[in-house]
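Thanks for coming. I will go through the ring pairs, then the cores, then a few single residues.

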Amino acid sequence: MEAGPVPAAVLIPLFMKDGEYHVLFTKRTTHLTHHSGEISFPGGRCEESDRDSADTATREAWEEVGIDPGDVEILGELDDCHSIHNYLVTPVVGIFPENYLLTVNDAEIERLIKVPLSHFSKPGVYRVEYWNHKGIENYPMYFYLYGEDEIWGLTARILKNFLDVLWGVEQAGEDSEQF
């Protein structure tokens with residue numbers, strides 16, 4: 001019998017730049033075991049010392065990009081998401097100060113990607129494909145483009161959920177089963 005999903009959390013880090021909110025993403029290094037070279041939010045598995053998902057998300061953001069947990073204002077959490085690697089990921093939304101000095105952990109992170117929230121409402125940025133995976137037919141897979149970077153997979157699913165909540169879009173139960 002397969003063990004239940006491993007609890008994890010990610011931070012959806014928001015910050016002001018040029019009078020507009022931006023989202024901070026990381027591009028993972030190519031030598032990592034899981035999701036190498038992919039774009040993600042700072043995050044990882046919960047540890048016993050973490051009090052809750054916000055603790056996990058801010059601890060991971062501290063380890064990966066140098067945002068002190070005390071400098072993050074937690075706004076709330078989104079619905080949990082299942083990953084293909086048997087993680088149950090809680091997205092935590094938080095704001096950190098403008099002009100923050102970030103410190104990249106180059107063992108995990110190749111580079112940072114800072115995207116204005118308004119970018120995600122532009123034509124041609126978003127698309128959905130319907131995949132068949134593990135017995136699920138027509139499973140929606142979301143994609144967002146930013147320059148040469150493509151955000152997809154679990155990160156795009158979390159981003160879509162965040163944008164739907166932010167912009168008040170009705171979700172039609174698409175997130176009920178995830179792989």
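**Rings, cores and contacts**

The structure holds 10 aromatic pairs. A pair here means rings of Phe, Tyr or Trp (for Trp, the six-membered ring) with centres within 6.5 Å; planes under 30 degrees apart are called stacked, over 60 edge-to-face, and the rest tilted. Take Phe96 and Tyr100: the ring centres are 5.7 Å apart and the planes stand at 80 degrees, so this pair is edge-to-face. Phe96 is buried, at a relative accessible area of 5%. For that scale, buried is under 20% relative accessible area, exposed is over 50%, and partly exposed is in between, with a 1.4 Å probe and protein chains only.

Before going on, the ground rules. This is a predicted model, in which local features need pLDDT of at least 70, side-chain atom pairs count only at pLDDT 80 or more, and totals for chains, interfaces and linings use all residues. Residues are numbered from 1 along each chain as its sequence is written, and side-chain values use heavy atoms, with hydrogens and water left out.

Back to the rings, and to Phe96, which is buried. Trp131 and Phe143 make a tilted pair, with 6.2 Å centre to centre and 50 degrees between the planes. Trp131 belongs to strand 9 (residues 126-133) and Phe143 to strand 10 (residues 136-146), so the pair ties together parts 12 residues apart in sequence. Strands and helices are DSSP runs numbered from the N terminus (helices H or I, at least four residues; strands E, at least two). Which of these two rings is buried, and which partly exposed? Phe143 is buried at 4% relative accessibility, while Trp131 is partly exposed at 29%.

Phe143 also has a charge over its ring: the charged end of Arg127 sits 4.0 Å from the ring centre. The criterion is NZ of Lys or CZ of Arg within 6 Å of the ring centre and within 35 degrees of the ring normal. Lys160 does likewise over the face of Tyr142, at 5.2 Å from the ring centre. Tyr142 is also part of a cluster linked by ring pairs, together with Phe25, Phe41, Phe120, Tyr126 and Tyr144.

Now the cores. A nonpolar core is a set of buried Ala, Val, Leu, Ile, Met, Phe, Trp, Tyr and Cys residues joined through side-chain atoms within 4.5 Å. The largest one has 27 residues, and Ile12, Phe25, Phe120, Tyr144 and Phe162 have the most contacts inside it. At least two of its residues come from each of strand 1 (6-17), strand 2 (20-28), strand 7, strand 8 (109-116), strand 10 and helix 2 (153-167). Helix 2 gives the most, with 5 residues. Apart from this core lies another, of 14 residues, including Leu11, Phe15, Ala61 and Leu102.

Finally, three single residues, where contact means heavy atoms within 4.5 Å and neighbours up to four places away in sequence are not counted.

Val89 is in strand 7 (residues 87-95) and is buried, at 5%. Its C-alpha atom is 4.9 Å from that of Ala9, although the two residues are 80 apart along the chain. Among the residues that Val89 touches are Ala9, Cys81, Leu154 and Ile158.

Thr56, in helix 1 (residues 53-65), is buried at 0%. Its contacts include Ala9, Gly44, Cys46 and Asp50.

Asn138 is in strand 10 and is exposed, at 53%. Asn138 touches Tyr130, Trp131 and Asn132.
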